[in-house]
Amino acid sequence: MGVNDIESSKQELREKVWRRLIDGGGAPADSYGKIPGFYGVEGTAEMLATQDFWQQATTVKANPDWAQLPVRVRALKDGKRVYMAVPRMASLEPFYLLDPEDLGLPPEEAAEKKGAAQVARRLAPESMEPIDVVVCGSVAVNRAGARIGKGAGYSDLEVALLIEAGLVTEQTVIVAPVHSLQVVEEDIPETEHDFSVDYIVTPAEVIPCTNRRRPSGLVWNDLTAEKIAAIPVLAARHQA
């Protein structure tokens, strides 16, 4: 299957899951085209909090999507450092550090995009600590652990950067908090830059996945010149 065929297949699955989620009452109508802020999202934070790997973690990396807000808040309340991607990675220092010991705002506010922009330090990967748990926003995921986001590719790039920096390792646990309607039976085609998740977390259950997949780092051949130019940290590395 060629790259264009893979992307076409992924987009078809996104469309199917967005429709199923919204028509099935799992998320508001404006979730179409986004990482869905599904109903019951708070339950994923509660389910995660019961897991040994979460309780042992000291550092969590999460996407800035609204769907992961309760998980970011729970991490801060549990005393964990949270690295949160700067939206669209629009900085040479593309990660916020939310330190539970020095927030300056209540966790519920600090963990929002607006709050993080006000109080969090921005860091490049070289200044970060190893990450115990990665929380990734997803549109669809299957039980093997293959996932797709909304198509912008930021999650893949963030994880690839952190792998290259030695911060996401074989010991890091990657989780996808989703609504049960986002868990699909279909195969999800994967390319070299895709990563899989170790656990799917819904409000009702935690599903261990069977097919761990990690890239070795950034796959430059999969990046267009426009994408590189639009993301400062990639442009700097490409020119080095």
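Which backbone oxygen lies 2.6 Å from a polar atom of the side chain of arginine 147? The first legend below gives the atom's residue. The model shown in these views is predicted.

**View 1. Surroundings of arginine 147 in strand β7.**
Strand β7 covers residues 147–148, and arginine 147 belongs to it. The backbone oxygen in question is that of glycine 137, which lies 2.6 Å from a polar atom of the arginine 147 side chain. The side chain of serine 138 also takes part, through a polar contact of 3.0 Å with the side chain of arginine 147. Arginine 147 counts as buried because its relative accessibility is 6%, under the 20% limit. Apart from neighbours within four places in sequence, the residues in contact with arginine 147 include Cys136, Gly137, Ser138, Ala140 and Val141. Ser155 and Asp156 are also among its contacts, as are Ile188, Phe195 and Val197. Two of these partners, Ser155 and Asp156, are listed among the buried residues of α7.

**View 2. Helix α7 and the residues it buries.**
Helix α7 spans residues 154–164 and is mostly covered, with 10 of its 11 residues buried. The buried residues are Tyr154, Ser155, Asp156, Leu157, Glu158, Val159, Ala160, Leu161, Leu162 and Ile163. After the helix comes glycine 166, whose phi is positive, near 75 degrees.

**View 3. Glutamate 158 within helix α7.**
Glutamate 158 is part of helix α7 and counts as buried because its relative accessibility is 3%. Its side chain makes a polar contact of 3.3 Å with the side chain of asparagine 63. Not counting residues up to four places away in sequence, glutamate 158 touches Lys61, Asn63, Ala85, Met89 and Phe95. Of these partners, Met89 lies in the loop between β2 and β3.

**View 4. Arginine 88 and methionine 89 in the loop between β2 and β3.**
The loop runs between β2 (81–85) and β3 (95–98), and arginine 88 is placed in it. Methionine 89 has its place there as well. Most residues other than glycine have a negative phi. Arginine 88, although not a glycine, has a positive phi of about 60 degrees. Methionine 89 also has a positive phi, near 50 degrees. Arginine 88 counts as exposed because its relative accessibility is 59%, whereas methionine 89 is buried, with a relative accessible area of 0%. Methionine 89 is one of the residues touched by glutamate 158.

**View 5. Proline 94 and its contacts.**
Proline 94 lies in the loop between β2 and β3. Its relative accessible area is 0%, so proline 94 is buried. Leaving aside neighbours within four places in sequence, proline 94 is in contact with Met84, Ala85, Val86 and Met89, among others. Its remaining contacts include Leu123, Ala124, Pro125 and Val233. Proline 94 and proline 125 are 31 residues apart along the chain, and their C-alpha atoms are separated by 8.0 Å. Val233 is one of the buried residues of helix α9.

**View 6. Helices α8 and α9.**
In helix α9 (residues 232–239), the buried residues are Val233, Leu234 and Ala235. The elements that cover them include α7 and α8 (225–230). Alanine 230 lies in helix α8 and is exposed, with a relative accessible area of 54%. The C-alpha atom of alanine 230 is separated by 7.7 Å from that of alanine 90, although the two residues are 140 residues apart along the chain.

**View 7. Crossing of helices α2 and α4.**
Two packed helices are described by the angle and the distance between their axes. The axes of α2 (residues 41–49) and α4 (residues 69–77) come within 8 Å and cross at roughly 40 degrees. The two helices are therefore oblique to each other, and their crossing is right-handed. On the α2 side, Val41, Glu42, Thr44, Ala45, Glu46, Leu48 and Ala49 meet Pro70, Val71 and Arg74 of α4. By class, this contact has 6 nonpolar, 1 polar and 3 charged residues.

**View 8. Buried residues of helix α2 and their cover.**
In α2, the buried residues are Val41, Gly43, Thr44, Ala45, Leu48 and Ala49. Their cover includes the helices α3 (52–56) and α4. The strands β8 (173–177) and β10 (199–201) are also among the covering elements.

Definitions and conventions: Residues numbered from 1 in each chain as written. Predicted model: local features only at pLDDT ≥ 70, side-chain atom pairs only at ≥ 80, totals over all residues. Heavy atoms only, no water. Buried < 20%, exposed > 50% of the residue type's maximum accessible area, 1.4 Å probe, protein only. Helix = DSSP H or I, 4+ residues; strand = E, 2+ residues; numbered from the N terminus. Contact = heavy atoms within 4.5 Å. Polar contact = N/O pair within 3.5 Å; in protein donor to acceptor, adjacent residues only side chain to side chain. Axes fitted to C-alpha atoms, helices over the stretch in contact; angles between N-to-C directions. Parallel < 35°, antiparallel > 145°, perpendicular 65-115°, else oblique. Left-handed = near helix turned anticlockwise from the far one by under 90°. Nonpolar A, V, L, I, M, F, W, Y, C, P; charged D, E, K, R; others polar.
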